Amino acid sequence: MRSPKKIDETAYAKLLGAILPRPIRTEAENDRAIAFLDELDQREKPTPEETLVAELLTILVEDFESKHYSLQPSTPQEHLQTLMEDRGLRHKDVWPVLGNKGSASAVLNGSRAISKTQAKRLAEFFRAPVELFL
């Protein structure tokens, strides 16, 4: 988001006064900031002042959430399981892609890593980036 060149400082101060932005330390403060962001996001043509406040709140929310909701990276097997669940697929549906029933079982239970060849086949099958499976 680019910073507007000219803003109405009175309008900007009024918006800042409405939200009173500060470092977010609690879930309630985070929820309040997100609600305000949602309200700003609903506007068809936000003013330059609203855009600046939204940028500031986004930085504060992202900072809070990166500290409190760190996600662990998913494994290739977890990506595969998620894609299968999303599409309602079972073991028998992917074993031909993975080579055979035994290979599919070993991959799905995590006892065998997905090979490069299998990753390419899975990427084609799911129409997903091959990196998900490597």
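Leaving out neighbours within four places in sequence, Leu-122 touches Leu-80, Val-97, Leu-98, Ile-114, Arg-127 and Phe-133. This is a predicted model, so what follows describes computed geometry. Leu-122 itself sits in helix H7, residues 116-126, and is about as hidden as a residue gets on paper: its relative accessible area is 0%, which means that it counts as buried. Not everything is close by, though. Phe-64 is 58 residues away from Leu-122 in sequence, and the two C-alpha atoms are 36 Å apart in space.

The rest of H7 gives Leu-122 some company. The buried residues of this helix are Gln-118, Ala-119, Leu-122, Ala-123 and Phe-126. Around the helix axis they take up an arc of only 140°, so they lie on the same side of H7. The spacing fits a familiar rule: an α-helix has 3.6 residues a turn, so residues three or four places apart point the same way. Turn to the face of H7 that looks away from this buried side, and the exposed residues there are Lys-120 and Glu-124. As for what lies over the buried residues of H7, the cover includes H4, H5 and H6.

The end of H7 has a small backbone quirk. Arg-127, just after the helix, takes a positive phi of about 55°, and it does so as a residue other than glycine. Arg-127 belongs to the segment after H7. With a relative accessible area of 79%, Arg-127 is exposed, yet it is also one of the residues in contact with the buried Leu-122.

Helix H4 (residues 76-87) tells a similar story. First, a check on its length: at 1.5 Å a residue, its 12 residues should span 16 Å, and the end C-alpha atoms turn out to be 17 Å apart, which agrees. Buried in H4 are Pro-76, Gln-77, Leu-80, Leu-83 and Met-84. Their arc around the axis is only 125°, so these residues share one side of H4. The face turned away from that side carries Glu-85 and Asp-86, both exposed. Helices H5 (91-98), H6 (101-108) and H7 are among the elements that cover the buried residues of H4. Leu-80, one of those buried residues, is also among the contacts of Leu-122.

Gln-77 deserves a separate look. This residue is in helix H4, and its relative accessible area of 16% makes it buried, since the cut-off is under 20%. Setting aside neighbours within four places in sequence, Gln-77 is in contact with Val-107, Gly-110, Arg-112, Ala-113 and Ile-114. Ile-114 also appears in the contact list of Leu-122. On the far side of H4 in sequence, Gly-88 comes just after the helix and takes a positive phi of about 70°.

H5 and H6, which both help to cover H4, also pack against each other. Their axes are 8 Å apart and meet at an angle of about 110°, so H5 is roughly perpendicular to H6. On the H5 side the contact uses His-91, Val-94, Trp-95 and Leu-98, while H6 brings Lys-101, Ser-103, Ala-104, Ser-105, Val-107 and Leu-108. By type, the residues of this contact are six nonpolar, three polar and one charged. Two of the names recur from above: Leu-98 is in contact with Leu-122, and Val-107 with Gln-77.

Another helix pair is found earlier in the chain. The axes of H1 (residues 9-19) and H2 (residues 27-41) come within 11 Å and cross at roughly 140°, so H1 is oblique to H2. H1 contributes Leu-15, Ala-18 and Ile-19 to the contact, and H2 contributes Arg-32, Ala-33 and Phe-36. These residues divide into five nonpolar, no polar and one charged.

The loop between H1 and H2 has its own points of interest. Leu-20 is placed in this loop and has a positive phi of about 50°, although it is not a glycine. Thr-26 is found in the loop too, and its relative accessible area of 36% makes it partly exposed. Thr-26 and His-68 are 42 residues apart in sequence, but their C-alpha atoms are 9.7 Å apart in space.

Definitions and conventions. Residues numbered from 1 in each chain as written. Predicted model: local features only at pLDDT ≥ 70, side-chain atom pairs only at ≥ 80, totals over all residues. Heavy atoms only, no water. Axes fitted to C-alpha atoms, helices over the stretch in contact; angles between N-to-C directions. Helix = DSSP H or I, 4+ residues; strand = E, 2+ residues; numbered from the N terminus. Parallel < 35°, antiparallel > 145°, perpendicular 65-115°, else oblique. Contact = heavy atoms within 4.5 Å. Nonpolar A, V, L, I, M, F, W, Y, C, P; charged D, E, K, R; others polar. Buried < 20%, exposed > 50% of the residue type's maximum accessible area, 1.4 Å probe, protein only. Expected span 1.5 Å × (residues − 1). Arc of directions from axis to C-beta.
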